[in-house]
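Hi,

Here's the structure I said I'd pass along. Have a look first, and my notes on its salt bridges follow underneath.

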Amino acid sequence: MKECTPADKPKYNYIFYKVTQDYLKPLFVPLRKYDYVRVYDRAFDGSRFLQKLFFFHFSERANRHIRLPFKRLWFRKICKKDFENDKPCCYFFNGGKYLREAPEIYDYIKKLNPENKVVVYFLDLIEKTAGSIECFRNCSDAIISYDRGDAEKHKIDCFEEIAYGAITNVTEPTEFDWDVYFLGFAKDRLARIHSAYRVLTAAGLRCNFIICGTKIEDRIEGAGLHYQDPISYAENLENVKKSRCILELMQGGSNAATLRTQEAITYKRKLLTDHVSAMGQPYFNKDFMSVFSEPEEIDTTFAKQPIDYSAFDFAYDLSPHKLIDYLENFWSEKE
């Protein structure tokens, strides 16, 4: 695959907040190698005591019934960063967490430098994570979704390209523990998950399905069906490498590639997906991707065939730096 090498230094420094979940690491952590990027698990590096105090002060639960005062005391620590230049900064709030609790951060950032930018970014459907984004419209310069349909629905911007960096070794085995691997919360797709399982196992394929968030009465029994709490992302990637195919089943209302697509491309595994729109995307490759509308249409013959690892040598740029390139172009177009 093509590797992105930025040709020019960007106009802005970039600061990414709230990269706490380990599944976010492939997008944000590789950006740390650039001297114009800072990535924070929460909002700053500091002692465990300070982190716990900050976490409580900005806790949604703690602020639900009474707005805790004096949040401004944290603004200097959140916003003043150690770049060796005087370029303006782009403050990137993943999920908008801290802006929701203290929207006046926006005014503070603008007082530091009127050319600074503030971005609120969503890597999941807004209604299922934030509920409403109206509070961000007056305290950000851009609200961006990963999903084109969600962006159009809420009249916000969209970064729909997939960007992902390998965080463990890529292997090319010929034998696998499982033929098809699925990981995800049931959400509104449990019936489709079960249907896919039946189709695959009926064809003699070995499945490893880890399904989270299901009621006991909604479960069915079967070899390779595991109803449990979420696993770590590192464990997920080990399962990916032990499987010939990854199964991607979209949640209702979503029309953008999930981590399953990015993992398949990066770790050289086949992808079975019901993301029909993928066929029109530049990353689509029929040599290791098979698309279906309904689980009954899954191409089980495709799933059984060996992986052609040479199929992954195609010119699609998956580099996380694409996110910075997108933002640089975004600000240039706004000027």
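Let me start with a pair in one helix: E238 and K241 form a salt bridge, with N and O 3.4 Å apart. Both sit in helix α10 (residues 233-241), and since they are 3 residues apart there, about one helical turn separates them. Their surroundings are worth a glance: E238 is partly exposed at 35% relative accessible area, whereas K241 comes out at 12% and therefore counts as buried, the cut-off being under 20%. Elsewhere, K25, R32 and D41 are joined into one network by salt bridges that share partners.

Keep in mind that this is a predicted model. The total comes to 19 salt bridges.

Now for D179, which shows up in two of the pairs I looked at. One partner is R206, where the closest N and O atoms are 3.2 Å apart. That bridge links distant parts of the chain: D179 is in strand β7 (residues 178-185), while R206 is in the loop between α9 (190-202) and β8 (207-212), 27 residues apart.

The other partner is R244, with an N to O distance of 2.5 Å. Here D179 in strand β7 pairs with R244 in strand β10 (residues 243-248), so the bridge ties together parts that are 65 residues apart in sequence.

How buried or exposed are these residues? D179 has a relative accessible area of just 7%, so it is buried, and R244 is buried as well. R206, on the other hand, is partly exposed, at 37%.

Cheers

Key. Residues are numbered from 1 along each chain as its sequence is written. This is a predicted model: local features need pLDDT of at least 70, side-chain atom pairs count only at pLDDT 80 or more; totals for chains, interfaces and linings use all residues. Side-chain values use heavy atoms; hydrogens and water are left out. A salt bridge is a side-chain nitrogen of Lys or Arg within 4 Å of a carboxyl oxygen of Asp or Glu. Helices (H or I, at least four residues) and strands (E, at least two) are DSSP runs, numbered from the N terminus. Buried means under 20% relative accessible area, exposed over 50%, partly exposed in between (1.4 Å probe, protein chains only).
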